[in-house]
Protein chains: 2
Amino acid sequence: MSAPDDTPDLASGAAGRPTLRTLSERTGLHVSTVSRALRRDPASDPTAALVHTAASELGYRRDPVAASLRTRRSGAIGMVAHALTDVVQAIVHEAIDQVAVQQGYDVLVASTRDDPAAQRQRVELLLSRRVDGLIIADAHEDGDYVDWVATLGIPYVLVMRRAGDHPAIVCDDREGGRQVGRHLVAQGHREIALLAGPGYSATSNDRAVGFREALAEAGVDLPADLVEPGGLHPTSGREGMDRLLARRPDLTAVFCASDFSAFGATTALRAAGLVPGRDVATVGFNDVTAAAALDLSSVRSAHAELGELAARTLIAAIDGVPAESASFPATLVVRGSSATPLGGGAVLSAGGGAPRAACDGPDPAVGPPRHGSASGTAAAAAADPSGAAR
Amino acid sequence: MSAPDDTPDLASGAAGRPTLRTLSERTGLHVSTVSRALRRDPASDPTAALVHTAASELGYRRDPVAASLRTRRSGAIGMVAHALTDVVQAIVHEAIDQVAVQQGYDVLVASTRDDPAAQRQRVELLLSRRVDGLIIADAHEDGDYVDWVATLGIPYVLVMRRAGDHPAIVCDDREGGRQVGRHLVAQGHREIALLAGPGYSATSNDRAVGFREALAEAGVDLPADLVEPGGLHPTSGREGMDRLLARRPDLTAVFCASDFSAFGATTALRAAGLVPGRDVATVGFNDVTAAAALDLSSVRSAHAELGELAARTLIAAIDGVPAESASFPATLVVRGSSATPLGGGAVLSAGGGAPRAACDGPDPAVGPPRHGSASGTAAAAAADPSGAAR
DNA sequence: GGTGCGACGGCAATCGTTTGCACGATGCTC
DNA sequence: GAGCATCGTGCAAACGATTGCCGTCGCACC
């Protein structure tokens, strides 16, 4: 039996996944024609239709590796996180991933533990995988990490942590810190401690700045001995809180720049025989899911939306649209850990019994981002999409 | 000026990263010779030394994309997680990543939300990136997901969740569940509820099995109306607990098959005016960092070591060593949420006074894994490295 | 001094896709 | 109806590394 041109019994017939060549043999068209037809709408053209049909019959999927070699683009974007075990970074990553996959990109993620050497190394690794753009979630305000990234010649956008004037999608950390400060002052606290985050992180710094602003507005002093580094982990939070308690047993409230350090602080308070929310008002930041269980007041922002917008911004940048910064609102969620006003005897728990959450249920409306300066002030409520970050 | 063969002013001189050809021009050797010399020890050979010197002078880094096209290997391994926002999966991922990078591999991660369609899709995406092996962290006991993965023809290993007889690195969930059961019974509880995990997950099932075993051993009944699905998230945990409380307000203890559902359960209890640890003993599973802050009893295992071993196992499998299953110990950590015996009183616990953590401080020795059947019984203490999976 | 062996280096094909160029046919405009 | 633009197709050269196959050379051994 001679081979009808219908049954491909050529060399390529047998093994492996179908390639352009398989399709070319099947359709009788040149491989380059097939390649082009595949990028057209199947309905646009008889050839396109033919090729698409053959492709789906044979289960063809283009090989991104080979394509990437030729085009020098990979269809992948890189994300650099400080640690995915930080659930906020994981949420951001997941949102990025979802948008990216939907738009035909893969996400390659690397974590650096905020170590500058690892940052360089992992970015270079991503580069050698030819990522088409970078999302940096572990930016440092000091050092030249981000400046270096900017020289790489590929699109990039920061998320969560801003740095200098680089395009960044962040939440309004400063405003969040301000709300915490106002809240604690309003509850009657005067000896308020700050368990700060690492100095290289804009989130930490901005939260602290806003917090200090609120205290200053109210005329409340924040002496140096009420400030301790609390890191990003429960362990460092616990140690910082221990030091604070040792030095200033009279403190009545503490603002932890992250929920994780707040977890550590909570443990420290309990170990000292103190009850968070009754003896020491405690507020965290980020409102991770565990915070609700812990009845911990915290500042909420829309992390998933942050990631989503970062992904869209980057993909647009890859397509030539210059990246613009944006800032999402941050809203304090008051729960039992700070709901009781200072000295509140009867106040201690107005409700049915326990010192319960004050305004937990109704989700604080997490609106759309305000475009504009990343370190934007909370003012300017007018939806003014002007003023890109310089 | 004629070109001395020292200064490469050839076409390739100007732009872009150096390639093998650049090195070839620089050294006067053929590109294939350069390629081979690069894989030799620089000290082994004058040629190798020459090439390595040139390479580091020019900052050459081989292009994994091009290499991958030719070799059909990528130097990357794929990990499929159900969600990296589950901090346990994130910990496992981070451990895998660390080992992999150290061994010269990259890790490509995809998350599937336990959706079977997404599982297929993401695995195929990883495949088209030519990953050299797969680590599956979202295995289902039902369905044919893992069986399908096994037919793909690339090395794979499961982690966290086992399935059938496939090679899996897990912790001893059954033994963990058993310890929880024994503990709650020993505390005097008889109306004990189970907030189970999803039925497709071996972790959930094994934990439940061990738990039931312990109750049965003690002659304690676990009627169907004390069992509710609690999912993997605080929301589902909260809902499940609400249903349990509505149906059986007399329950005195609850075992949540994951810490996250325990968080939700805690919220539900509080909302019902009950205090976890005083009114209803609560135990979770996994001992995530927030559990300590919440004073939640939980079952601890060495997730990072799990991930590490999974990575090593997979990389060995890529090198031809057949993958073997392993099981790590799981140890109950008793904290305030379950430290008070039922009916309180003098029984309250031999120790000092407050119903504080019973065995929290001293890290329960998290030993090396016992190799052997993934569903291994806790017996066979003898360090017996025999018995591959089945 | 001849033969054989091993090591090393060069040649060229290859992985699968994209893309600039050329060519022919078609359709449109004037 | 002629000229010109447009479109679709084929051709072949990339992208950068790896690798089977040889030729050549050096060395050792007989």
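# Reading a predicted model, feature by feature

The surface near DNA strand D takes its largest share, 5 residues, from α4(B).

User: Hi! Before we start, what kind of model is this?

Analyst: Welcome! This is a predicted model. Let's begin with one chain. Chain A has 13 helices and 13 strands. Of its 390 residues, 50% are buried.

User: How many of the contacts in chain A between residues at least 6 apart in sequence join residues at least 24 apart?

Analyst: The share is 69%.

User: Now the DNA. Which residues are closest to DNA strand D?

Analyst: The closest are A:H30, A:T33, B:T19, B:L20 and B:S32, out of 24 residues that surround the strand. You can also ask which elements contribute. In chain A, α2 (31-38) and α4 (64-71) each supply at least two residues of that surface, and so do α2 (31-39) and α4 (64-71) of chain B. The largest share, 5 residues, comes from α4(B).

User: What classes of residue make up the surface near DNA strand D?

Analyst: There are 8 nonpolar, 9 polar and 7 charged residues.

User: How should I read the relation between two copies of a chain?

Analyst: The general idea is that two copies are related by a rotation about an axis and a shift along it. Here, a turn of 180 degrees and a shift of 0.1 Å along the axis lay chain A on chain B with an RMSD of 0.2 Å. That is the relation of a two-fold axis. Both copies use the same surface, and 92% of the contact residues of chain A recur in chain B.

User: How many residues does the contact take from each chain?

Analyst: Chain A gives 38 residues and chain B gives 36 residues. On the side of chain A that touches chain B, the elements giving two or more residues include α5 (87-102), β2 (106-111) and α6 (116-128) of chain A. The largest share of that side, 6 residues, comes from α5(A). By class, that side of chain A has 19 nonpolar, 10 polar and 9 charged residues.

User: Next, backbone angles. What sign does phi have in most residues other than glycine?

Analyst: Most residues other than glycine have a negative phi. Two residues of chain B show a positive value. Phi of B:R113 is near 50 degrees, and phi of B:M160 is near 70 degrees. You will find B:R113 in the loop between β2 (106-111) and α6 (116-128) of chain B, while B:M160 sits in the loop between β4 (156-159) and β5 (168-171) of chain B.

User: Is each of them buried, partly exposed or exposed, and why?

Analyst: Count the C-beta neighbours inside 10 Å. B:R113 has 13, so this residue counts as partly exposed. B:M160 has 29, so this residue counts as buried.

User: Last topic: sheets. In what order do the 4 strands of the open sheet in chain B lie?

Analyst: The order is β7-β6-β8-β9 (chain B), and the pairing is parallel. The edge strands, β7 (227-229) and β9 (281-283) of chain B, each pair on one side only. From one strand to the next, the twist averages 15 degrees. Looking at one pair, strand β6 (residues 192-196) of chain B is joined to β7(B) by 3 bridges, and B:A196 stands opposite B:P229 in β7(B).

User: Which helix packs on the sheet?

Analyst: Helix α9 (residues 202-217) of chain B does, touching β6 and β8 (253-256) of chain B. The direction of α9 makes about 165 degrees with that of β6(B).

Conventions
Residues numbered from 1 in each chain as written. Chains lettered and ligands numbered in written order. Predicted model: local features only at pLDDT ≥ 70, side-chain atom pairs only at ≥ 80, totals over all residues. Near = placed C-beta within 6 Å. Nonpolar A, V, L, I, M, F, W, Y, C, P; charged D, E, K, R; others polar. Least-squares fit on C-alpha atoms with pLDDT ≥ 70 in both. Contact = placed C-beta atoms within 7 Å. Buried ≥ 20, exposed ≤ 12 C-beta atoms within 10 Å, placed from the backbone. Pairing = 2+ DSSP bridges. Axes fitted to C-alpha atoms, helices over the stretch in contact; angles between N-to-C directions.
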